[in-house]
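Visitor: I am new to reading structures, and I would like a close look at a single part, the packing of neighbouring helices. Could you take me through it slowly and then show me what surrounds it?

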Amino acid sequence: MPSGSLLAVADDGFQGPDPSVFKPKSWFEFDLGPIDFYFNKWSALTLFVSLFVGGFLWLGFRKATLVPRGLQNFCESIYDFVDISIARNVIGERGKTFAPYLTILFCFILVSNVLAVIPVAQFPTTSRIALPLILALTSWVIFNAVGIREHGFGTYFKDMLVPAPTAPLFVKIILAPIEFVSTIIARPATLAIRLFANMFAGHMLLLVFALGADYLLPRPQFIFGAVSGVVAIGLTAFELMIDVLQAYIFTVLTAAYIGGAISSHGGDHGADHAHDHEHSEPVAAVAVARA
C-alpha cells in the first residue's frame, strides 16, 4: 500500500483517500526561474469561482431597477444580508463602505466551500492552505491600511503596542509583544488556518465514508456499506452547513478587525472592539470553528 495512506481495511483491494487527493495532477506546468507554475483542477476551480462570483454579481446589478426582480432581487438580498447583518452590525454605520468587499468575500468563500459537494467538481478549493492564506492576507492588508489611514502610521502602531496607556511600565512591556503578535501575526494566521482546517477535515471525512460505501456495497459486508452510505449523505448535509458557517465566520471576523482598526486601539474601546465581536459569535459557530 502506498505510503501516506490515511485509511486502509483488511482487504488490499480497498484504497482510502490520502493527502494526494488535495493535490491533483498538473495539466501543464512550466518554470520561470526559481518559480514553478502549474495549472490543475484546483487552479481551474479557483478560476471558475472567481469568474462565477464576479459574473453572477455583475449580471445581478448591471441593469438595476428601483423595484428589483429575478436575479437582481436575489443579489440584493445577499448584499443586504452582508451589509446590514455583518458590515453595519459589526463595524457600525461606516460599515457600508466595506460592504462591497465583504459581500464579495462572503460569496467567494461560500462558493469555494460548496464545491465540495457539487458533482464533477467535488473539491473545495479552500481545502488547500494557499487560498485561505491569500484571503486572510488580503483582509489583513485592508484592516491595517484602514487603521493607518484613520489614525496615522505612528499613532496606529503606538496604540496597538500600548493598549493601556495608564498601566505600569512593566505591564506595557508585557502587553506590547502580545498585542503585536495578536494583530500582525495571529489574526491572519487564525483566519486562514480555521477555514483551511475545517474544509480539509470535512472533505476527508466525506471521502472516507463515500469510498467506503462504494467499496462495501457490492460485497458480502454490504450492510456496512449501506451504513457508510447513510453516514456519507448525513455528512453531505452537515458539510453544507459548515460551508455556509465558515464563510460567515471569516466575513464577520474580517469586519470585526476592520471595526477595531477604525476605533482607537487604546482609550475607551480600542482593540477590544474586534475581540468583543469575535467572542460574540454564535456558540455553534465557535464550536465548529474550533473543532
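Guide: Let us begin with helix 4, residues 130-151, and helix 5, residues 153-161, whose axes come within 6 Å and cross at roughly 115 degrees. Angles of 65 to 115 degrees count as roughly perpendicular, and so helix 4 is roughly perpendicular to helix 5. The crossing of these two helices is right-handed. On the side of helix 4 the contact is made by Phe143, Asn144, Gly147, Ile148 and His151, while helix 5 brings Phe153, Thr155, Tyr156, Phe157 and Met160 to it. If you sort the residues of this contact by character, you find six nonpolar and four polar ones, and no charged residue. Please keep in mind throughout that this is a predicted model.

It helps to know in general terms what such a description contains: two packed helices are described by the angle between their axes and the distance between the axes.

With that in mind, turn to the other partner of helix 4, which is helix 3, residues 99-114. The axes of helix 3 and helix 4 come within 12 Å and cross at roughly 170 degrees. An angle over 145 degrees counts as roughly antiparallel, and therefore helix 3 and helix 4 are described as roughly antiparallel to each other. Here Tyr101, Leu105, Phe108, Ile109 and Ser112 of helix 3 meet Leu131, Leu135, Thr138, Ser139 and Ile142 of helix 4. The residues of this contact divide into seven nonpolar and three polar, again with no charged residue.

The loop between helix 3 and helix 4 deserves a pause, for it holds Thr126. Thr126 is buried, with a relative accessible area of 0%, and you can follow its surroundings by looking for the residues that it touches. Leaving aside residues up to four places away in sequence, Thr126 touches Ser112, Asn113, Leu131, Pro132, Leu195, Phe196 and Met199. Two of these, Ser112 and Leu131, also appear in the contact of helix 3 with helix 4.

Helix 3 has a further partner in helix 1, residues 41-61, and the axes of these two helices come within 10 Å and cross at roughly 135 degrees. Helix 1 and helix 3 are therefore oblique to each other, and helix 1 passes helix 3 in a right-handed crossing. In this contact Thr46, Val49, Ser50, Phe52, Val53 and Leu57 of helix 1 meet Ile104, Cys107, Phe108, Val111 and Ser112 of helix 3. Its residues divide into eight nonpolar, three polar and no charged.

Going back along the sequence, you come to strand 1, residues 26-32, and strand 2, residues 35-40, which pair in the antiparallel sense over six bridges. Phe28 has Phe39 in strand 2 as its bridge partner. The two strands form a hairpin with two residues between them, and Gly33 in the turn has a positive phi of about 70 degrees. Strand 1 is hardly covered, since none of its seven residues is buried.

Finally, you can place these parts within the chain, which has nine helices and two strands and follows the pattern β-β-α-α-α-α-α-α-α-α-α along the sequence. Of its 291 residues, 41% count as buried. Among contacts between residues at least 6 apart in sequence, 62% join residues at least 24 apart.

Notes
Residues numbered from 1 in each chain as written. Predicted model: local features only at pLDDT ≥ 70, side-chain atom pairs only at ≥ 80, totals over all residues. Heavy atoms only, no water. Buried < 20%, exposed > 50% of the residue type's maximum accessible area, 1.4 Å probe, protein only. Helix = DSSP H or I, 4+ residues; strand = E, 2+ residues; numbered from the N terminus. Pairing = 2+ DSSP bridges. Axes fitted to C-alpha atoms, helices over the stretch in contact; angles between N-to-C directions. Parallel < 35°, antiparallel > 145°, perpendicular 65-115°, else oblique. Left-handed = near helix turned anticlockwise from the far one by under 90°. Contact = heavy atoms within 4.5 Å. Nonpolar A, V, L, I, M, F, W, Y, C, P; charged D, E, K, R; others polar.
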